[in-house]
Amino acid sequence: MIETTHAEDVATVSDADFDATVLGAGLPVLVDFTADWCGPCRQIAPVLDAVAKEEAGRLRIVRIDVDANPATAIRYGVLSMPTLMVFRGGEPVKTIVGARPRRRLMEDLADVL
């Protein structure tokens with residue numbers, strides 16, 4: 001399970017509820033493919049928590065632990081952590097690999113928000 005210290009604005013999803021939560025969402029959804037052992041994942045977690053609060057009406061952010069939920073990671077070809085994948089209308093529309101500061105993340109997301 002992901003650390004419980006994360007903001008409640010970022011939900012945790014699993015292989016079992018990924019389709020309903022992410023693919024069926026009305027808003028664009030940024031999926032953080034993460035793992036407990038991943039240092040850069042821990043580095044970007046507070047950035048994603050802040051963005052989730054600020055963009056609550058325009059973007060939903062969820063986390064999925066790739067070790068506990070390998071089927072979804074395999075399905076979308078996720079090989080490195082963190083991988084951030086934006087889904088809109090049930091389809092992946094943007095993939096960002098690696099941690100980055102908030103300003104750069106927002107620049108990278110500008111075309112999908």
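Biologist: Which strands form a hairpin here, and how many residues sit between them?

Modeller: In this predicted model, S4 and S5 make the hairpin, with two residues between the strands. Look at Gly89 in that turn: its phi is positive, at about 60°. S4 covers residues 83–88 and S5 covers residues 91–97.

Biologist: How many bridges join S4 to S5, and do the strands run parallel or antiparallel?

Modeller: They run antiparallel, and six bridges join them. To get your bearings, start from Thr83, which has Val97 of S5 opposite it.

Biologist: Where does the hairpin fit in the sheet, and what is the strand order?

Modeller: The sheet is open and has five strands, ordered S1-S3-S2-S4-S5, with mixed pairing. Its edge strands are S1 (10–13) and S5, each of which pairs on one side only. On average, neighbouring strands are turned by 25° against each other, ignoring direction.

Biologist: Which strands show the parallel sense?

Modeller: Take S2 (residues 29–34) and S3 (residues 60–65), which pair in the parallel sense over six bridges. Within that pair, Phe33 stands opposite Ile64 of S3. Thr34 also belongs to S2, and its C-alpha atom is 5.0 Å from that of Asp65, although 31 residues separate the two along the chain.

Biologist: Is Thr34 buried or exposed?

Modeller: The cut-off for buried is under 20% relative accessible area. Thr34 has 5% relative accessibility, so it counts as buried. For contrast, try Gly26, in the loop between helix H1 (18–23) and S2. Exposed means over 50%, so Gly26, at 85% relative accessibility, counts as exposed. Gly26 and Pro82 are 56 residues apart in sequence, and their C-alpha atoms lie 24 Å apart.

Biologist: Which helices should I look at against the sheet?

Modeller: Begin with H2 (residues 39–54), which lies across S1, S2, S3 and S4 and runs at about 155° to S3. Then turn to H4 (residues 102–109), which packs on the sheet and touches S2, S4 and S5. The direction of H4 makes about 150° with that of S5.

Biologist: How do I read the buried face of a helix?

Modeller: The general idea is that an α-helix has 3.6 residues a turn, so residues three or four places apart point the same way. In H4, the buried residues are Leu105, Met106, Asp108 and Leu109. Seen down the axis of H4, they fall within an arc of 160°, so they line one face of the helix.

Biologist: What do the buried residues of H4 pack against?

Modeller: They pack against strands S2, S4 and S5, and also against helix H2.

Biologist: How many disulfides does the structure hold, and which cysteines are joined?

Modeller: There is one disulfide in the structure. Cys38 and Cys41 are the joined residues, with an S to S distance of 2.3 Å. Both cysteines, Cys38 and Cys41, are buried.

Biologist: Why is the disulfide called right-handed?

Modeller: Check the torsion about the S-S bond of Cys38 and Cys41: its value is about 80°, so the disulfide is right-handed.

Biologist: Where does pLDDT stay under 50?

Modeller: That happens over residues 1–7, for which the model has 13 contacts beyond four places in sequence. For the chain, the average pLDDT is 92, and 93% of the residues score at least 70.

Technical notes: Residues are numbered from 1 along each chain as its sequence is written. This is a predicted model: local features need pLDDT of at least 70, side-chain atom pairs count only at pLDDT 80 or more; totals for chains, interfaces and linings use all residues. Side-chain values use heavy atoms; hydrogens and water are left out. Two strands pair if DSSP finds at least two bridges between them. Helices (H or I, at least four residues) and strands (E, at least two) are DSSP runs, numbered from the N terminus. A disulfide is a pair of cysteine sulfur atoms within 2.5 Å. Buried means under 20% relative accessible area, exposed over 50%, partly exposed in between (1.4 Å probe, protein chains only). pLDDT is the predictor's confidence in each residue, from 0 to 100. Contact means heavy atoms within 4.5 Å. Axes are lines fitted to C-alpha atoms, for helices over the stretch in contact, and angles run from 0 to 180 degrees between N-to-C directions. The arc is that of the directions from the helix axis to the C-beta atoms.
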